[in-house]
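Reader: Could you take me through one strand in the middle of a sheet, and then the aromatic and nonpolar packing that goes with the fold? I would enjoy a close look.

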Amino acid sequence: DAGLTYCSAGLAGKFLADVTAGLPASDADSVNSNFGPLLQGSAGPEAAGTALRELAALVNKTGQGALFAEHDGRVIDTLFPDFVTDINEKRAGRSVVFVAHAPYFVILREAMYLRRNGYRVYLVSLGEVAAGLRELFREHFDRVVDARGNYRLLRAILGRLEPDIFHVQCWMWFGILGRMAIEAKKNAAVVCEFYDITSVYAAKEDLSPTWPPGVVEFEFAMERHMAHRADAVISRFPGWLVEEWGESMGALPKHISMQAWPCAEFISYGKKKLSDADGVTRLVYAGGLVPENERSPAKLFPETTMDKAFRALLGQGMAIDVMHDPNAAKGTDDAFYARYARLAEEYPLFRFRKGVPPDTLSDALNGYDYGILLTEFDEDVVRIGENQRKGVMATKIFAYLEAGLPVLVNAEYEEMARFVTEHGMGLPIHTRDLGNVAEILREFDYPRAVAAIKSFNEIHSMEREIGRLIELYDTVISGRSGTQ
């Protein structure tokens with residue numbers, strides 16, 4: 001049901017001509033008079049959007065839906081010919097096409113180091129890359145295009161491509177991208193990289209009140225399709241959890257765990273702390289805030305009560321800055337975040353700061369004392385899956401490590417708690433202890449933790465860890481070539 005793909009007036013004119021060619025003369029005249037002003041740019045954006053939706057509905061109503069595919073083909077031929085040619089050209093270096101709805105920083109880091117190992121890396125994004133991040137992604141990918149938010153156009157673009165590997169960023173509710181790549185792959189291998197896995201995140205009956213049952217069923221179906229048809233899957237979860245997921249799906253391809261491993265280019269430890277001036281412990285939360293509303297109920301989003309954790313910390317005399325997700329569409333002045341605005345009014349040591357891309361994030365973070373991921377985790381309310389609670393790993397932890405910051409995480413998140421404890425890089429804090437954090441930190445060996453972080457960043461850098469992804473690629477490509 002997607003409407004007309006974003007395009008130039010010239011291409012829109014060709015589409016309109018195709019539509020009217022299949023209509024009786026009187027109807028064609030009416031359509032031209034109604035939609036012709038769009039081609040001259042005389043209609044405003046809102047009126048143009050309404051008119052284009054009406055035109056799309058007319059095309060479907062009159063049985064001319066095939067015209068959309070023809071139009072998409074012209075858009076690709078006009079806007080993306082170099083992208084298609086560059087990928088399909090057979091030359092030195094394997095080609096990897098990353099597919100995402102909105103690209104995040106794990107695939108950016110992977111692409112950076114794949115490129116250093118001789119790979120050609122490309123990005124096809126469903127939506128336009130956020131303005132503040134475009135330059136960064138263009139710098140580290142050979143080419144970047146977006147499908148203007150149009151699923152049908154994305155599918156058409158993928159169908160034109162012949163890479164060695166499709167590497168799909170699979171976020172909750174975007175599993176369809178994995179299936180699109182599988183259907184378009186020809187001789188390519190398809191690697192699906194999950195962030196959250198919907199069936200792990202929560203049970204169907206807990207998800208369905210927030211999302212329509214059909215949407216939930218569709219997402220679970222996409223998961224099953226990837227489990228059975230993808231050449232490999234990647235996740236941020238431990239292996240035991242992925243094995244259990246595969247059992248529940250009835251199939252499991254080859255799999256590895258990949259985190260947002262530290263990149264030397266992004267590391268900046270700094271020399272001074274803000275707390276040196278006044279002795280006030282400075283905490284920072286780098287990431288999106290979750291507003292509690294009908295789309296983000298507390299039972300499915302434990303971080304909706306993060307403001308309560310912040311209040312407990314601020315009440316002990318500590319300072320907190322929030323650096324919002326640079327991909328987020330809403331600003332922190334949005335009405336959804338009113339609780340945080342009130343918190344800022346009440347506590348001068350609570351502030352919002354604008355989010356920044358990963359290449360400058362460490363410089364913005366390294367003056368703080370700790371990076372935090374703390375919320376008031378109410379086990380009587382929260383209904384996320386047990387394995388989600390036990391196995392999830394947040395990517396922001398690695399951003400903190402790149403800035404040399406020890407990490408404070410909820411002890412309820414068992415894998416994250418194990419991770420910071422085992423490597424000596426921070427502390428797990430149980431919800432019941434949120435009111436005693438200042439006292440707990442007095443006993444914490446801060447210099448030892450910083451030294452452990454720097455050691456970890458060298459041992460587990462993306463430069464070293466990328467070898468596991470390359471090995472996975474080698475395995476699935478050789479496996480496919482043996483069956484061709």
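Author: Happily! Let us begin with strand β11, where Y370 and I372 point one way and G371 and L373 the other way, and all are buried. Here buried means under 20% relative accessible area, exposed means over 50%, and partly exposed lies in between, with a 1.4 Å probe and protein chains only. In a regular strand the side chains alternate between the two faces of the sheet.

A word on the source: this is a predicted model, in which local features need pLDDT of at least 70 and side-chain atom pairs count only at pLDDT 80 or more, while totals for chains, interfaces and linings use all residues. Residues are numbered from 1 along each chain as its sequence is written, and side-chain values use heavy atoms, with hydrogens and water left out.

Now for the neighbours of β11. Strands (E, at least two residues) and helices (H or I, at least four) are DSSP runs numbered from the N terminus, and two strands pair if DSSP finds at least two bridges between them. Strand β8 (residues 282-286) runs parallel to β11 and is joined to it by 2 bridges, with V284 having G371 as its bridge partner. Strand β12 (residues 407-410) is also parallel to β11 (residues 370-373), through 3 bridges. In that pairing, I372 stands opposite L408, and L373 has V409 as its bridge partner.

Stepping back, the whole open sheet has 6 strands in the order β10-β9-β8-β11-β12-β13, with parallel pairing. β10 (350-353) and β13 (426-429) stand at the edges with a single partner strand each, so one side of each is left without a neighbour in the sheet. On average, neighbouring strands are turned by 25 degrees against each other, direction ignored; the axes behind such angles are lines fitted to C-alpha atoms, for helices over the stretch in contact, and angles run from 0 to 180 degrees between N-to-C directions.

I372 also leads us to F310, which touches I372 and L374 as well as Y285, L289, I320, V322, Y340, L343 and F350, not counting residues up to four places away in sequence. Contact means heavy atoms within 4.5 Å. F310 is listed with F98 and L161 as having the most contacts inside the largest nonpolar core, which has 153 residues. Such a core is a set of buried Ala, Val, Leu, Ile, Met, Phe, Trp, Tyr and Cys residues joined through side-chain atoms within 4.5 Å. Apart from this core lies another, of 15 residues, among them F15, L23, F35 and A56.

On to the rings. Rings of Phe, Tyr and Trp (its six-membered ring) pair if their centres lie within 6.5 Å; planes under 30 degrees apart count as stacked, over 60 as edge-to-face and the rest as tilted. The count comes to 25 aromatic pairs. In one of them, the centres of F15 and F68 are 5.6 Å apart and the planes are at 25 degrees, so the pair is stacked. F15 belongs to helix α1 (residues 9-21) and F68 to helix α4 (residues 66-79), so the pair ties together parts that are 53 residues apart in sequence. F15 is buried at 1% relative accessible area, and F68 is buried at 4%.

Ring pairs also link F98, Y104, F105, F137, F141, W171 and Y195 into a cluster. F141 sits in the loop between α7 (134-140) and β3 (143-146) and is buried, with a relative accessible area of 1%.
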